[in-house]
Amino acid sequence: MILSDALRRARKNAHVTQIQAASASGVSPAMYQFYEYGRNEPTASVLLRLADFYDVSLDYLVGRSDVPERR
């Protein structure tokens with residue numbers, strides 16, 4: 001799965017808006033949209049904040065696993 005698709009999937013599963021996700025990750029709403037549109041890639045620190053916010057594993061967040069639970 002492509003990173004942008006995985007981010008969108010995680011956000012929709014958490015039932016939050018892009019604005020809420022942007023705020024939780026410490027980026028602007030426009031930058032978060034770029035992540036979901038595949039125009040930019042988030043840094044590792046942003047990915048970690050998003051995984052914590054969504055309460056999922058980093059592998060799930062980036063599409064490397066179908067299992068959302070942290071191990």
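A salt bridge is here a side-chain nitrogen of Lys or Arg within 4 Å of a carboxyl oxygen of Asp or Glu. By that criterion, R11 forms a salt bridge with E36, and their closest N and O atoms are 2.5 Å apart. R11 lies in helix α1 and E36 in helix α3, so this pair ties together parts that are 25 residues apart in sequence. Both R11 and E36 are buried, where buried means under 20% relative accessible area, exposed means over 50%, and partly exposed lies in between (1.4 Å probe, protein chains only). Helices (H or I, at least four residues) are DSSP runs, numbered from the N terminus.

The model is predicted: local features need pLDDT of at least 70 and side-chain atom pairs count only at pLDDT 80 or more, whereas totals for chains, interfaces and linings use all residues. Residues are numbered from 1 along each chain as its sequence is written, and side-chain values use heavy atoms, with hydrogens and water left out.

**Salt bridges**

The structure holds four salt bridges; the table lists some of them.

| Pair | N to O distance | Setting |
|---|---|---|
| R8 and D5 | 3.1 Å | three residues apart in helix α1 |
| R11 and E36 | 2.5 Å | R11 in helix α1, E36 in helix α3 |
| R64 and D59 | 3.6 Å | R64 exposed at 67%, D59 partly exposed at 36% |

Salt bridges that share partners join D5, R8, R11 and E36 into one network. Within that network, R8 and D5 are separated by about one helical turn, being three residues apart in helix α1. R8 is partly exposed, with a relative accessible area of 25%, and D5 is also partly exposed, at 33%.

**The buried side of α4**

Helix α4 spans residues 44-54, and its buried residues are V46, L47, L50, A51 and Y54. They cover an arc of only 135 degrees around the axis, which puts them on the same side of α4; the arc is that of the directions from the helix axis to the C-beta atoms. These buried residues pack against α1 (3-14), α2 (18-25), α3 (29-37) and α5 (58-61), with contact meaning heavy atoms within 4.5 Å.

**Helix packing**

Two packed helices are described by the angle between their axes and the distance between the axes. Axes are lines fitted to C-alpha atoms, for helices over the stretch in contact, and angles run from 0 to 180 degrees between N-to-C directions. Angles under 35 degrees count as roughly parallel, over 145 as roughly antiparallel, 65 to 115 as roughly perpendicular and the rest as oblique.

Helices α1 and α4 pack at an angle of about 30 degrees, with their axes 10 Å apart; they are therefore roughly parallel to each other. Their contact is made by L3, L7, A10, R11 and A14 of α1 together with L47, L50 and Y54 of α4.

For α2 and α3, the angle is about 105 degrees and the axes are 8 Å apart; these helices are therefore roughly perpendicular to each other. Here Q18, I19, A21, A22 and S25 in α2 meet P29, Y32, Q33 and E36 in α3.

**Loop residues with positive phi**

Most residues other than glycine have a negative phi. H15, in the loop between α1 and α2, has a positive phi near 60 degrees and counts as exposed at 71% relative accessibility. D55 lies in the loop between α4 and α5, just after α4. Its phi is likewise positive, near 60 degrees, and D55 counts as exposed at 55% relative accessibility.

Notes:
Helices (H or I, at least four residues) and strands (E, at least two) are DSSP runs, numbered from the N terminus.
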